[in-house]
Amino acid sequence: MTGDPAAYRHCRAVAAAHGRTYYLATRLLAPEQRPAVHALYAFARTVDDIVDGGAKDAAGQLDRIEGLLRDRLAGHASDAEPPAWAPVLAAVGDTIERFGIAPEHFRTFLDSMRMDVPGTALFRDRYTTMDELREYMRGSAAAIGLQLLPVLGTVGPREAAEPAAAALGEAFQLTNFLRDVGEDLDRGRIYLPAEDLAVFGVDHDLLAHCHRTGRTDPRVRRALAHLIAVNRSIYRRAEPGIALLQPRVRPAIRTAAVLYGEILDRVERMDYAIFARRAVVPVGRRLRVAAGEFTAAVLP
């Protein structure tokens with residue numbers, strides 16, 4: 001690793017603390033790839049915490065992070081970087097340069113984060129159609145997949161693998177949205193398309209009622225079943241792209257895809273009671289899937 005080891009250690013700690021499935025999957029990567037993946041995760045997490053944590057002047061902080069990252073990539077790192085951001089910016093800047101990641105993927109990501117911040121020109125707290133939601137996910141999720149692709153490596157032209165990488169990021173994001181409806185309502189947001197919900201008689205008031213009571217209305221249950229089917233179709237679209245990655249990284253990405261997909265199974269298994277408890281894949285199951293992928297990778 002050519003960058004600051006302490007900065008990368010900081011990013012590793014962020015990934016270990018907050019991204020359980022993500023962090024477990026990185027354990028299957030080559031040692032030289034893990035720090036870069038941790039750096040990308042820590043950057044996304046730092047920005048997400050600013051947006052979702054009610055930070056004062058979140059829009060200004062996003063602008064500042066974008067400016068600091070741009071300056072760092074131009075070789076003009078500032079000594080005035082806030083201490084909490086400095087190690088993340090150092091590690092992610094080194095990762096971008098070392099792996100040749102297009103900076104535009106970070107600008108796209110930051111623009112989607114601005115869509116979550118009241119008062120910005122891009123702000124939205126509702127999405128009418130799936131196409132509108134996908135425009136948000138283009139930055140919040142697909143861009144993450146495209147950031148990772150140069151780190152993971154491909155067996156052919158990178159461009160051939162980009163659609164599947166973007167789709168997998170979108171699939172992960174939609175899984176989070178389906179699991180975390182209640183948490184998003186607490187932040188004043190709904191990340192499920194209103195048109196799809198309306199087909200089943202679901203609107204904001206009904207979702208809010210379910211959240212208050214902790215009970216999933218049958219209409220919401222049917223809407224969730226529909227959107228889970230949509231989500232699985234995105235996983236299916238992404239799955240062939242795993243074969244386009246370098247063989248060494250395929251077990252890690254397959255592990256992440258399997259475990260995230262199983263969150264949907266858990267939602268179904270608990271009869272869509274997402275307002276009463278959080279759907280999680282047990283630690284034992286996560287370890288078994290990871291071990292199985294590792295074994296399959298090393299056996300002849």
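This passage walks through helix packing, aromatic pairs and a handful of individual residues in a predicted model.

Helix packing comes first. Two packed helices are described by the angle between their axes and the distance between the axes. Take helix α1, residues 5-18, and helix α5, residues 86-99: their axes come within 8 Å and cross at roughly 105°. That crossing makes α1 roughly perpendicular to α5, because angles of 65 to 115 degrees fall in that class. On the α1 side, the residues involved are A7, Y8, H10 and C11, and they meet P87, V88, A90, A91, D94, T95 and R98 of α5. Sorted by class, this contact between α1 and α5 has seven nonpolar residues, along with two polar and two charged ones.

D94, one of the α5 residues in that contact, is worth a second look. D94 belongs to helix α5 and has a relative accessibility of 15%. With the cut-off for buried set at under 20%, D94 therefore counts as buried. There is also a long-range pairing here: D94 and G3 sit 91 residues apart in sequence, yet their C-alpha atoms are 5.8 Å apart in space.

The second helix pair is α4, residues 58-73, with α6, residues 104-114. Here the axes are 10 Å apart and the packing angle is about 175°. Angles over 145 degrees count as roughly antiparallel, so that is the label for α4 against α6. From α4, the contact draws on L62, D63, E66 and L69, while α6 supplies F106, R107, L110, M113 and R114. The class breakdown for α4 with α6 reads five nonpolar, no polar and four charged residues.

F106 turns up again in the surroundings of Q147. Q147 lies in helix α7, which spans residues 130-152, and is buried, with a relative accessible area of 1%. Setting aside neighbours within four places in sequence, the contacts of Q147 are L40, I101, H105, F106 and F109.

L24 offers another buried position. This leucine is placed in helix α2, residues 20-26, and at 16% relative accessibility L24 counts as buried. Beyond its neighbours within four places in sequence, L24 is in contact with G19, L259, R286, L287 and A290. The C-alpha atom of L24 is also 8.2 Å from that of A256, a residue 232 places away along the chain.

Now for the rings. A pair of aromatic rings is described by the distance of the centres and the angle of the planes. The model has nine aromatic pairs when ring centres within 6.5 Å are counted. In the pair formed by Y127 and Y136, the ring centres are 5.7 Å apart and the planes are at 55°, so this pair is tilted. Both partners are tucked away from solvent by the accessibility numbers: Y127 is buried at a relative accessible area of 2%, and Y136 is buried at 4%. These two tyrosines also belong to a cluster, as ring pairs link Y127, Y136, F177 and Y191.

The last stop is a pair of loops that meet around T216. T216 sits in the loop between α11 (204-213) and α12 (218-238), and is buried, with a relative accessible area of 10%. A polar atom of the T216 side chain lies 2.7 Å from the backbone oxygen of Y272. Not counting neighbours within four places in sequence, T216 is in contact with C210, R221, L224, Y272, A273, I274 and F275.

Y272 itself is found in the loop between α13 and α14. At 12% relative accessibility, Y272 counts as buried. Its backbone has a quirk: phi of Y272 is positive, about 65°, although the residue is not a glycine. D271 also has a positive phi, near 55°, and is likewise a residue other than glycine. D271 is in the loop between α13 (250-269) and α14 (283-298), but this aspartate is partly exposed, with a relative accessible area of 43%.

Terms used: Residues numbered from 1 in each chain as written. Predicted model: local features only at pLDDT ≥ 70, side-chain atom pairs only at ≥ 80, totals over all residues. Heavy atoms only, no water. Axes fitted to C-alpha atoms, helices over the stretch in contact; angles between N-to-C directions. Helix = DSSP H or I, 4+ residues; strand = E, 2+ residues; numbered from the N terminus. Parallel < 35°, antiparallel > 145°, perpendicular 65-115°, else oblique. Contact = heavy atoms within 4.5 Å. Nonpolar A, V, L, I, M, F, W, Y, C, P; charged D, E, K, R; others polar. Phe/Tyr/Trp six-rings, centres within 6.5 Å; stacked < 30°, edge-to-face > 60°. Buried < 20%, exposed > 50% of the residue type's maximum accessible area, 1.4 Å probe, protein only. Polar contact = N/O pair within 3.5 Å; in protein donor to acceptor, adjacent residues only side chain to side chain.
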